Amino acid sequence: MPHVPVPVSPPAPPPPTPIVLSQEVADAVATGRPVIALESTLLAHGLPSPHNRAAADDLETAVRAQGAVPATVAVLDGVPRVGLSGPELDRVCGGGLVKLSARDLGVAVALGRDGATTVAATAALAHAVGVALFATGGLGGVHRGARDTWDVSADLAALAGTGVLVVCSGVKSILDVPATLEVLETGSVPVIGYRTDAFPGFYRRDSGHPVPWRVDTPTEAAAVWRAHRSLGSPSGMVLAQPVPEANELDAGLHDRLLEEGTALLARRRITGKDVTPALLEHFHAGSGGASLRTNIALVRANAELAAQVAVALAARPRP
Ligand code: PSU
Ligand code: MN
């Protein structure tokens, strides 16, 4: 029997999942006004209640004060949202949310769940709606002992593959800092110190490892970001700002809490996505609130700086 050619058309891709923007964010994106994405895992799993709710407002206020629009990102009832209302921020800070990395987004959408987004998940959603600048506290990275556990945060792969500029205070010293810097290099992610030659260590200003590049003004940071993107690089960029000097955690206290926290993780066999929240909680409980003040101060400073860079970018006509 002769073969009858049958026209085959590839299956149509599913329609994109709608990402819901707040009216303010939608207007700002449409008119090219500066917008700063903020992640929600640091609120839901990084800061204790009720401080997290106050911090959520504090961050949005800091962004607005610099002339940009804040856009906190989360998934609520399975709907990815960029820009949250007051009652939505209440939900994010009220407990019970799942921690969503980039791989979890589809699951949360399909099952209608509530979740807070990590750096990786926030980058994916913000980038998808045209928001490229984003502020957080600390990046996820390569964990100590990763050669056995393979625990490397998806934040690093997300930065390698997503064109977002993340302003952060480096990574916590519980991580393997040099290995984290190596993976960022492999991912072609530029790491730029803001007014520092040292990669910051979250609670401490200096992780003990240098940054390859440094800028000293928001305008310089904006110029570097613009050039990085205009060369066609698909990767993101890290702008690393140390915590303000007055808010740095005491070195002795930091080292003691880190040692205790690491032992506690091993004793309780805490692994995977629970590691960072458990460690942060140990710091907050063991420092009498000092680490909490440090954490809030550094995120606020990063939100401010991200907004300043966004304003500098908007000041020049886009190519
Ligand atoms: N580092 C912090 N505080 C945090 C986080 C990291 O100092 O709250 C959060 C961020 O949301 C980051 C995530 O994206 O933890 C990384 O988690 P993991 O290592 O499980 O990928
Ligand atoms: Mn991990």
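These are my notebook entries on ligand 1 and on Ala251 in a predicted model.

**Ground rules.** I work with a predicted model, where local features need pLDDT of at least 70, side-chain atom pairs count only at pLDDT 80 or more, and totals for chains, interfaces and linings use all residues. Residues are numbered from 1 along each chain as its sequence is written, chains are lettered from A and ligands numbered from 1 in the order written, and side-chain values use heavy atoms, without hydrogens and water.

**Entry: the shell of ligand 1.** I looked up which residues are near ligand 1 (a heavy atom within 4 Å). There are 16 residues around ligand 1, and Glu39, Val119, Ser153, Asp155 and Lys172 come nearest. I sorted the shell by class and got 4 nonpolar, 7 polar and 5 charged residues. Here Asp, Glu, Lys and Arg count as charged, Ala, Val, Leu, Ile, Met, Phe, Trp, Tyr, Cys and Pro as nonpolar, and the others, Gly among them, as polar.

**Entry: polar contacts.** I searched for pairs of N or O atoms within 3.5 Å. A polar side-chain atom of Glu39 sits 2.7 Å from an oxygen atom of ligand 1. For the side chain of Asp155, an N or O atom is 2.7 Å from a ligand 1 oxygen. Val119 uses a polar backbone atom, 2.8 Å from an oxygen of ligand 1.

**Entry: Ala251.** I found Ala251 in helix α11 (residues 251-267); a helix is a DSSP run of H or I, at least four residues, numbered from the N terminus. Is Ala251 buried or exposed? Ala251 counts as partly exposed because its relative accessibility is 31%, and buried means under 20%, exposed over 50% (1.4 Å probe, protein chains only). Arg300 is 49 residues from Ala251 along the chain, and their C-alpha atoms are 21 Å apart.

Methods:
A polar contact is a pair of N or O atoms within 3.5 Å; within protein, one must be able to donate a hydrogen and the other to accept it, and residues adjacent in sequence count only if both atoms are side-chain atoms. Helices (H or I, at least four residues) and strands (E, at least two) are DSSP runs, numbered from the N terminus.
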